[in-house]
Amino acid sequence: MTTTPLAGAPASAHGPAMTIDARFLDSHQRSAALHAGASALLPGGITHDIRHFEPFPIYVERAAGARKWDVDGNEIIDFVMGHGALLYGHAHPLLVEAVSAQVRRGTHYGASQAREVEWAALVAELIPSAEKVRFVASGTEATMLAARLARTATGRPKLLKLREHFHGWNDSWGIELVTRSGGDVVGLPPATTDAVQVFDQHDAAGIGAALAGGEFAALICEPGGAHWGALPMHPEMLTRLRELTSAAGTLLIFDEVVTGFRASERGYQGLTGVTPDLTALAKIVAGGLPGGAVAGRADLLDQIAVPPSHGAAGEDGPARVRHPGTFNANPLTAAAGVAALNGLRDGAPVRAANAAGERLCRGWNEAIRRAEVPGAAYCQGSMVHVVLGRDLPPPEDGVNWNFAAAGRPPTTPRTPAAIEWPFRRSLLLHGVDLIGMGALTSAVHAEADIDAAIDAFAAALADLRRESIL
């Protein structure tokens, strides 16, 4: 079994004559074989769109802390971090002990449990908008439930979302996922798509005009900007959205599935002081296990409550929102959620993750400058993005998006595919894995991990320059 060197190893470790692609195939033969078998059983050979990788994804065998090991024995510094769910890194003792203890007590009671009350109390303590909480099984379910609560409360059918802001794959908010570039919609009836309007995230005039008509139940957004900040939103826009929705009687929903307990221990709303009516949570709220929540105004959440006079007969009041769910507040997830939220109440894990992200971002910008290639990295704390092959102005401070220089583009700046895929393959060869062209840092990414990842980034840039790709 071959073991790929960690970040910083010279490209000649695989032979000076070998290209990035040849080295990748040589170092990932078992992953290639597994993917060949998976393609016969799984659509596209994968189980999540973002796990698509060209020519095939790596298959991970185990993980601990900030690192993971694939089936070919390659050791990798991980910046996927469970798609953002792992603020504590992989297999953290805090969570391993909590979940292991719960497994011994049972995995599904089919009944209420004390832990779900403790979990909800922690969410209410930390998230400013959370007067009450309803647990769900995923982030997609959270945004779907939020839409239903909003429509019921307002009696309005229409929804408004911001372009490229991701809210899961449900029909209420996933219209951009099923719309081809030519405008054809796949899998949704016209009545569903007609009920959702999409605006650029800084189009205050257009959004205000649409809301003034009084037809929209809710406006949803990722408060930091599309794709967890890959297209940053100016903070003043959140205040404007709050003003516009309040004036129109439209509910404001924050999708904090990624930013909740990551942007700060109180979410992105805790950083800005802008409080939405409803908040969708998942990932960190569930301690990295499957789970999520809708938190917000008590009157909105109470639309789910079963009136005492109707409960026994299974009947509903006139405005009740029914919400079943076999795995809502599952005991394993509740145990992980309680442990995770208790551990971050003082903000220390969030500060550590943010410091790691900013160190990584500054190092990557310096590597881009030294390599004399077009591109830039920018971040919001532990959420780091990089664009290569485009003349994107680098942040003046090495970290924050420079609105003055880069403006407010309507769509996300992206690395061309002809650069992205060889870059990501090369970066894996140097021992680093990204989520798309981004990185999510954790509380356990040590300075040595970050410095090694910066060296790996520089080595990957050198590989691409050597092959005249960049």
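**Notes on the predicted model**

1. Core. The largest nonpolar core has 35 residues. The residues with the most contacts inside it are Phe79, Leu360, Trp364, Leu388, Phe423, Phe457 and Leu461. The model is predicted, and the points below should be read with that in mind.

2. Elements behind the core. Five elements give two or more residues each to this core: helix 14 (348-371), strand 12 (375-380), strand 13 (383-388), helix 16 (417-429) and helix 17 (447-466). Helix 17 supplies the largest share, nine residues.

3. Phe79. This residue belongs to the group with the most contacts inside the core. Neighbours within four places in sequence are left aside here. Phe79 then touches Leu360, which is also in that group. Its other contacts are Val432, Asp433, Leu434, Ile435, Ala439, Leu440, Thr441, His445, Ile450 and Ala453.

4. Strand 7. This strand covers residues 216-221, and six of its six residues are buried. Strand 5 (residues 158-162) runs parallel to strand 7, joined by four bridges. Within that pair, Leu160 has Leu219 as its bridge partner. Strand 7 also pairs with strand 9 (residues 251-255), again in the parallel sense and over four bridges. There, Cys221 stands opposite Phe254.

5. Strand 9 to strand 10. These two strands pair in the parallel sense over three bridges. Asp255 stands opposite Ala280 of strand 10. The chain leaves strand 9, passes through helix 10 (residues 267-272) and enters strand 10; this β-α-β crossover is right-handed.

6. Strand 10, both faces. Strand 10 spans residues 278-282, and five of its five residues are buried. Which residues point each way? Leu278, Ala280 and Ala282 point one way, while Thr279 and Leu281 point the other way. All of them are buried. The general pattern applies: in a regular strand, side chains alternate between the two faces of the sheet.

7. Strand 11. Here the pairing sense is antiparallel. Strand 10 and strand 11 (residues 292-296) pair this way over five bridges. Gly296 in strand 11 is the bridge partner of Leu278.

8. Phe261. The loop between strand 9 and helix 10 holds Phe261. Its phi is positive, about 70 degrees, although Phe261 is not a glycine. Buried or exposed? Phe261 counts as buried because its relative accessibility is 0%, and the cut-off is under 20%. A reviewer may want to look at this backbone.

9. His83. A second non-glycine residue with positive phi is His83, at about 60 degrees. His83 sits in the loop between strand 3 (75-78) and helix 3 (93-105). At 16% relative accessibility, under the 20% cut-off, His83 is therefore classed as buried.

10. Cis peptide. Glu54 and Pro55 are joined by a cis peptide bond, with omega about 5 degrees. Pro55 lies in the loop between helix 2 (29-38) and strand 1 (60-64).

11. Two arginines in helix 9. Arg242 lies in helix 9 (residues 235-248), and Arg240 lies in helix 9 too. How do they fall in burial class? Arg242 has a relative accessible area of 17%, under the 20% cut-off, so Arg242 is buried. Arg240 has 37% relative accessibility, between the 20% and 50% limits, so Arg240 counts as partly exposed.

12. Reach of helix 9. Leaving aside neighbours within four places in sequence, Arg242 is in contact with Thr250, Leu252, Val274, Thr275, Pro276 and Asp277. Val274 appears again with Arg240: their C-alpha atoms are separated by 9.7 Å, and the two residues are 34 apart along the chain.

13. Second largest pocket. About 430 Å³ of space lies in this pocket. Its lining has 20 residues. Which lie nearest its centre? They are Ser112, Glu116, Phe135, Asn328 and Ala329. Helix 4 (114-126) and strand 4 (132-136) are the elements that give two or more residues to the lining.

Methods
Residues are numbered from 1 along each chain as its sequence is written. This is a predicted model: local features need pLDDT of at least 70, side-chain atom pairs count only at pLDDT 80 or more; totals for chains, interfaces and linings use all residues. Side-chain values use heavy atoms; hydrogens and water are left out. Buried means under 20% relative accessible area, exposed over 50%, partly exposed in between (1.4 Å probe, protein chains only). Two strands pair if DSSP finds at least two bridges between them. A crossover is right-handed if, with the strands pointing away from the viewer, the path from the first strand over the helix to the second runs clockwise. A nonpolar core is a set of buried Ala, Val, Leu, Ile, Met, Phe, Trp, Tyr and Cys residues joined through side-chain atoms within 4.5 Å. Contact means heavy atoms within 4.5 Å. On a 1 Å grid over the protein atoms alone, a cavity is a set of points where a 1.4 Å probe fits but cannot get out, and a pocket is an open set with protein on both sides within 12 Å along at least five of seven lines; lining residues have an atom within 4 Å of a point. Grid points are joined across faces, edges and corners, and a volume is the space filled by probe spheres set on the points.
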